[in-house]
Amino acid sequence: MEEYIVSARKYRPANFDSVVGQSALTTTLKNAVKSGKLAHAYLFCGPRGVGKTTCARIFAKAINCQHPTNDGEACNECESCQSFNEQRSLNIFELDAASNNSVEHIKKIMEQTRIPPQLGRYKVFIIDEVHMLSQSAFNAFLKTLEEPPSYVIFILATTEKQKILPTILSRCQIYDFERMTVADTIAHLKGVADKEGIKYEEEALTVIAEKADGGMRDALSIFDQAASFCQGDITYAKVIEDLNVLDSDYYFQIVDLSIANKVSDIMLLLNGIISKGFDPGQCVAGLARHIRNVLMAKDPVTLPLLETSEGNRQKYQQQAVTAPLPFLYKALRLLNQCDINYRTSGNKRLLVELTLIEVAQITQADDTTPVAGRKPRRLKSLFHNLIGQSRPKTAAPQVAAAVTPSANKSVDASPAATNAKYDPNNRPILKSTTPGGATEIGLSWKNVREMARRKKNKISLIPGMLAPTDPNMKNIATDNQFTQQELELQWMSMCNRMPQKFSGIATRMKNMNPTILDFPNLEVVVENQIQLDQMTTIKGSIVNTLKLYLQNKAITLNMRLAERQEQVKILTRREQFEEMSKQNPAVEKLRDMLDLELA
């Protein structure tokens, strides 16, 4: 049986012209070989699987070739090329810095640089993953890298250039390798498939190229895996099944359903995706990439940014025609926020469902139902049309119009009241339709007087506390007995109920300790005049709240400034712990046994 060699090794480029996706870089290297203007140190950097080590080997072979071609390629016929091809060259050394990263390994290289080449013109040292060298190894390498012998050339390769010392970078010619484009990857995979006699669908190769994420070695490895699974006939359906990739048709369907506001269908589609074993977060990330591609397909200028096959490119253009631009912007923002919150979410599926619901409601008109003065809800009615269809058809309500003073008669819209006579004791009443008392003709006189009185008395209405004229005051008992402990409990509860806009005064009130002077008369000591003024404005609400929850209508509250001797220093956490340890030595003993430290 013939020995099997993976495609990444079998079809590894042997010359500059066979390198994929790095034309500018390989042209520079060939020109350097032709002109003989070679640097003493090169640094090849870029993502994995784009040809850094391969180009280093081709370059080392070319500069030692005894008869290079006119375009800078190795001849593959001389003794130097033959020895390199048979892996017995004594002039080209390759070192893996990931496993040989100590000073001793660098010193061995330094010793080898003293020996001139036996065959060829240069000794070439290829150091792969050079960023893995230790700090001391880098320092030992510096002097030799700056001034090596005339017959020594260093070629360094790394995937993380930012980890290399600036002193190393300044001594090298730096070549940045590019990621493989999807088009270049597909073209190379087609060539490999033709040589291997494997049938394929272009959409299947597109999935492999996108999965490789710019790495040719990864693309060839995935290609071998797909070829084994498909038994020599690589189809789109089998590839997405083998690689566990979500079919792009799902994303096209979700966008179409979202534009049509079909939330129910999207929920069923999402459930089908999850039942197939796909993670909801994977669906969100894939949908965000899909909408980004639709956005790029909107404008012919950005159309080249789509790294996909020609068939998918046409699908994106078709959907871009029907997808409004504001929808795409808002959908991307929602999906990006979902992706940020996904890892920390306790209910990941619910987060994804809510996000898809919001995406599906971007193009939906706002609800027409009044919400009684509240802010509009973020999630609109999901089944607004269904609710309207399911409501029983009833007769229109009879609406009584306002009485016109000049006509001195009532107008009724109902048929029964068309010929009715005016009755002064049975006049139509206009009911308030808003919390503020607004009617069809404005505010009632009662509400206007109430608003003026509140403004005059500067009454502060705080949610969670009772106003001085609250109707609940009628149900309060007059003689309920309460203790100091109950008073402190209700005081703290009242502070916790105060809204966010009063958080400052609520926090200060929590540090105060109301006391019972002469039951049921209460007193609270305030630290400074500013706090006293703030509490005075809401004193009525404070007193009535205490009356209600302590069930004593005779409660009074006296607020006064603290005397100098009454001012108490607020202790820090460490001071509180030290004070507690003095009173109870067992606390300090427990801390010492558990070896705890105060944060």
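**Exercise 1.** In this predicted model, identify which residues of the largest nonpolar core touch the most other members, and which helix gives the largest share of this core.

*Solution.* Begin with the membership: the largest nonpolar core holds 52 residues, and those touching the most other members are Phe-44, Ile-155, Ile-208 and Phe-223. Next, sort the members by element, which shows that helix 10, spanning residues 216-230, supplies the largest share of this core with eight residues. Then take Phe-223 and list its contacts, leaving out residues up to four places away in sequence: Phe-223 touches Ser-7, Leu-189, Val-192, Ala-193, Ile-198, Leu-205, Ile-208 and Ile-234. Finally, look beyond this core, where a second, separate core of 41 residues is found, with Leu-295, Met-296, Tyr-316 and Cys-338 among its members.

**Exercise 2.** Work out the strand order of the open five-stranded sheet, and explain why one side of strand 2 and of strand 5 is left without a neighbour.

*Solution.* The order of the five strands is 2-3-4-1-5, and their pairing is parallel. Strand 2 (92-96) and strand 5 (173-176) therefore stand at the edges, and because each has a single partner strand, one side of each lacks a neighbour in the sheet. From one strand to the next, the twist averages 15 degrees.

**Exercise 3.** Describe how strand 3 is joined to strand 4, and which strands helix 3 and helix 6 touch.

*Solution.* Strand 3 (residues 123-128) and strand 4 (residues 152-158) run parallel and are joined by six bridges, and Asp-128 stands opposite Ala-157 in strand 4. Helix 3 (residues 52-63) packs on the sheet, where it touches strand 1, strand 2, strand 3 and strand 4, and its direction makes about 175 degrees with that of strand 3. Helix 6 (residues 135-146) also packs on the sheet, touching strand 1, strand 3 and strand 4, with its direction at about 130 degrees to that of strand 4.

Terms used. Residues are numbered from 1 along each chain as its sequence is written. This is a predicted model: local features need pLDDT of at least 70, side-chain atom pairs count only at pLDDT 80 or more; totals for chains, interfaces and linings use all residues. Side-chain values use heavy atoms; hydrogens and water are left out. A nonpolar core is a set of buried Ala, Val, Leu, Ile, Met, Phe, Trp, Tyr and Cys residues joined through side-chain atoms within 4.5 Å. Buried means under 20% relative accessible area, exposed over 50%, partly exposed in between (1.4 Å probe, protein chains only). Helices (H or I, at least four residues) and strands (E, at least two) are DSSP runs, numbered from the N terminus. Contact means heavy atoms within 4.5 Å. Two strands pair if DSSP finds at least two bridges between them. Axes are lines fitted to C-alpha atoms, for helices over the stretch in contact, and angles run from 0 to 180 degrees between N-to-C directions.
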